[in-house]
Amino acid sequence: MPRPAQSVALLISLAASAALAAPPAFTKAQADAGAKVYKAQCAACHGAALNNGGAPKLAGPEFLKKWAANSLDDFHFIMTSTMPQTKPGSLKPAEYLNLVAYVLQKNGFKPGAKPLTAGALKTGTFKK
Amino acid sequence: MKQHLCAASLLLSALLSPALAVSGPSQEELNTADQATDSWLMYNKGYMGQRYSPLDQVNADNVSGLRRVCTFDTKDDGGFQATPQMYKGVLFFTQMYRTFAIDAATCKPLWVHKYKPAGTSVLTTNRGVAIADGVIYRGTPDAHLIALDAGTGKPLWDTKVADSSVGYFLSAAPVVYNGRVYIGEAGADWGIKAHMYAFDAKTGKKAWTFDLIPTGSQYGANTWQKADSTATGGGSTWTSYTIDAATGLLYVSVGNPAPDFAAQYRPGDNLFTNSVVALNAETGAYDHHYQQIRNDDKDYDTAAAPVLYDVNGQKRMAVATKAGWLFSYNETAKNQVFKQATIKVTNQEKPTTRAGLNICPNYSAGTQWSGPSFDQLNNTLVVPTVDWCGVVKLGEVRLIKGQLFFGGSMQLDPAGKAIGNAVAFDAATGQERWRYSTPGVRIVGGVTTTGGNLTLGGAMDGTFFALDSRSGKVLFKDNIDGALIGGGVSTYTVGGQQYFAVIAGNTSKGAVSGKNVTGRVAIYTLR
């Protein structure tokens, strides 16, 4: 059974899905913080530009096409459960969220006033 | 299955020297490959998979005089796990999308073929080729099987084997036997349902399919108590295959079930995962199997190909696993003779939990893609194996197309804590004879033994080593430009002179952070 806090989050995310076309919101501060984590924890394998390491590309048309059918929550799930490769799940929840914001920014999404929240992941996508 | 002749991709194979016509090896040559001294025809040398050469020109007394004669640089830092395969003075090997032919004594490039993938790929690792009747066969990262002219690298046929977008790929070096090419899929960790196949060597047409994850009325289907879970049941064939030419049986090592860590999602023994299954090579019919781990929840594949050998007049099959065990089976009585730990093994019997379970080894340790070498001279099985622990955790089971399907996670201890080993075990009893250990440096590449009392291998700091097969004592060492060794060593003669060819480079593209030295083949001989 879900705890009350979770059902609230569920309601919020359902509400957000009604406003479908809206691009995922995140702030510049989140993306900047994500960039720092990325540089320290991910760049060695995925490349400084997100698409120039040996590991799969995290930016560009190929990446967007690959993830087009999935929610940001799916992306966040894979990231938190498999990365960084030798210590999956070892970063703080806020750091993983900031990484999503950074990946969004590097894929051409614009930061705004509203921060990316865990609850918004389910309805957000990489679709433009 | 789709087939087409690839006239267009002809342009992609660059002939770097005058074309040479290659017509062999014949079935007769393939049958004697295990004992041959002027060739190294298969990934594990011959059908029995022994990785042993009777050559003794270079031996324990003179190996210190070994010198590197040349180095061929592939100019790519991607995964490089092949063993150089040699026929008529030419080395053949693969790296991701490219297939190379170079002179086995001088490194002079002869041709290179670059495969243009038709689909995406979740992993680009490739372990090598099969050679027969003038044709090179290999699998591709987008799950095609292709045939190339061995003399020129020109494509002959291309067969799509599976849908790579859901995680299927072909990383194994195929084996050719009696006009058929044998290969199976890898990709269990991405939630595939693997198969073993035979294809017609001339046309690329599929001859038979064996479901490594049985369903319906197939033998073993009752080991999947939830029928639904078979759709993503896993069961990769990662490396290569072994054949008993006397009985016509094909031996296949089958990897872990999926989701890797969430065993309760797939109750039952989960055949034929973590098993060696023996099939009738002609028909693909099930013959027998041995399962090393039931209902695995730690990603402990049986990955390396098995080795067939005779000891005290008894026919044996041995296999080493990622869980860090060496098994030997009596192939006449069809029973297990010994099960011997090759490294520290901890908490393997305990279930994976949400809180996390400390285990040894982790899923990147034990015996990975390179299995035992059977040293005919000393009656030992020499096994590359890594001591390295970690924490395994149960998590959410969520299938996302083309992504890892783990149902949990595995954290690895710092890489500096890993200990590489090459260990010799008595092939009859499993008793340890000697151990060569390299603390902080893994040994995952293929080990080779010779009639000169030499055990050759490589470590992940670029060290190529030769040990005395009687004691494990180091007799020779050379660092191959700091290129991590994940591939194997082969040995053969050219013009009566014994050479060694070593593959050095990365183990897996993206698996090691930082800048890697590009993949290279280094050739050695006595000078």
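# A quick tour of chains A and B

Leaving out neighbours within four places in sequence, A:Ser81 is in contact with A:Pro88, B:Gly408 and B:Ser409. That makes A:Ser81 a handy place to start looking at this predicted model, which scores ipTM 0.90 and pTM 0.94. From there, we can look around chain A and then hop over to chain B.

**How far to trust the model**

- Chain B has a mean pLDDT of 95, and 96% of its residues get to 70 or more.
- Watch out for residues 1-11 of chain B, where pLDDT stays under 50. For that stretch, the model has 23 contacts beyond four places in sequence.
- Where pLDDT is low, don't read the predicted coordinates in detail.

**Chain A at a glance**

- Chain A comes out with six helices and zero strands, so reading from the N terminus you get α-α-α-α-α-α.
- Of the 128 residues in chain A, 40% are buried.
- Take the contacts in chain A with a separation of 6 or more: 59% of them are between residues 24 or more positions apart.
- The accessible surface of chain A is about 7100 Å², and carbon and sulfur atoms account for 65% of that.

**Helix α5 of chain A and its surroundings**

- A:Ser81 sits in helix α5 of chain A, which covers residues 72-82.
- A:Ser81 counts as buried because its relative accessibility is 17%, under the 20% cut-off.
- A:Ser81 has plenty of company: 10 of the 11 residues of α5(A) are buried, so the helix is mostly covered.
- Among the buried residues of α5(A) are A:Leu72, A:Phe75, A:Phe77, A:Ile78 and A:Met79, and also A:Asp73 and A:His76.
- What do these buried residues pack against? On the chain A side they meet α4 and α6, and on the chain B side they meet β29 (408-412).

**Where α2 and α6 of chain A cross**

- The axes of helix α2 (residues 28-41) of chain A and helix α6 (residues 93-106) of chain A come within 7 Å and cross at roughly 100°. This is why α2(A) counts as roughly perpendicular to α6(A).
- From α2(A), the contact is made by A:Gln30, A:Ala31, A:Ala33, A:Gly34, A:Ala35, A:Val37 and A:Tyr38. From α6(A) come A:Glu95, A:Asn98, A:Leu99, A:Ala101, A:Tyr102 and A:Gln105.
- Sort the residues of this α2(A)–α6(A) contact by type and you get eight nonpolar, four polar and one charged.

**A loop residue in chain A: A:Ala48**

- You'll find A:Ala48 in the loop between α3 (43-46) and α4 (61-67) of chain A.
- Is A:Ala48 buried or exposed? A:Ala48 is exposed because its relative accessible area is 61%, over the 50% cut-off.
- Not counting residues up to four places away in sequence, A:Ala48 touches A:Tyr38, A:Ala43 and A:Tyr102.
- A:Ala48 and A:Leu91 are 43 residues apart in sequence, and their C-alpha atoms are 19 Å apart in space.

**Over in chain B: B:Asn31**

- B:Asn31 lies in helix α1 of chain B, residues 27-31.
- With a relative accessible area of 37%, B:Asn31 is partly exposed.
- Which residues does B:Asn31 touch, not counting those up to four places away in sequence? They are B:Tyr47, B:Tyr177 and B:Ala245.
- B:Asn31 and B:Phe72 are 41 residues apart in sequence and 30 Å apart in space, C-alpha to C-alpha.

Notes: Residues are numbered from 1 along each chain as its sequence is written. Chains are lettered from A and ligands numbered from 1 in the order in which they are written. This is a predicted model: local features need pLDDT of at least 70, side-chain atom pairs count only at pLDDT 80 or more; totals for chains, interfaces and linings use all residues. Side-chain values use heavy atoms; hydrogens and water are left out. pLDDT is the predictor's confidence in each residue, from 0 to 100. Contact means heavy atoms within 4.5 Å. Axes are lines fitted to C-alpha atoms, for helices over the stretch in contact, and angles run from 0 to 180 degrees between N-to-C directions. Helices (H or I, at least four residues) and strands (E, at least two) are DSSP runs, numbered from the N terminus. Angles under 35 degrees count as roughly parallel, over 145 as roughly antiparallel, 65 to 115 as roughly perpendicular and the rest as oblique. Ala, Val, Leu, Ile, Met, Phe, Trp, Tyr, Cys and Pro count as nonpolar, Asp, Glu, Lys and Arg as charged, and the others, Gly among them, as polar. Buried means under 20% relative accessible area, exposed over 50%, partly exposed in between (1.4 Å probe, protein chains only). Accessible areas come from the Shrake-Rupley method with a 1.4 Å probe; for residues, only the protein chains shown count as cover.
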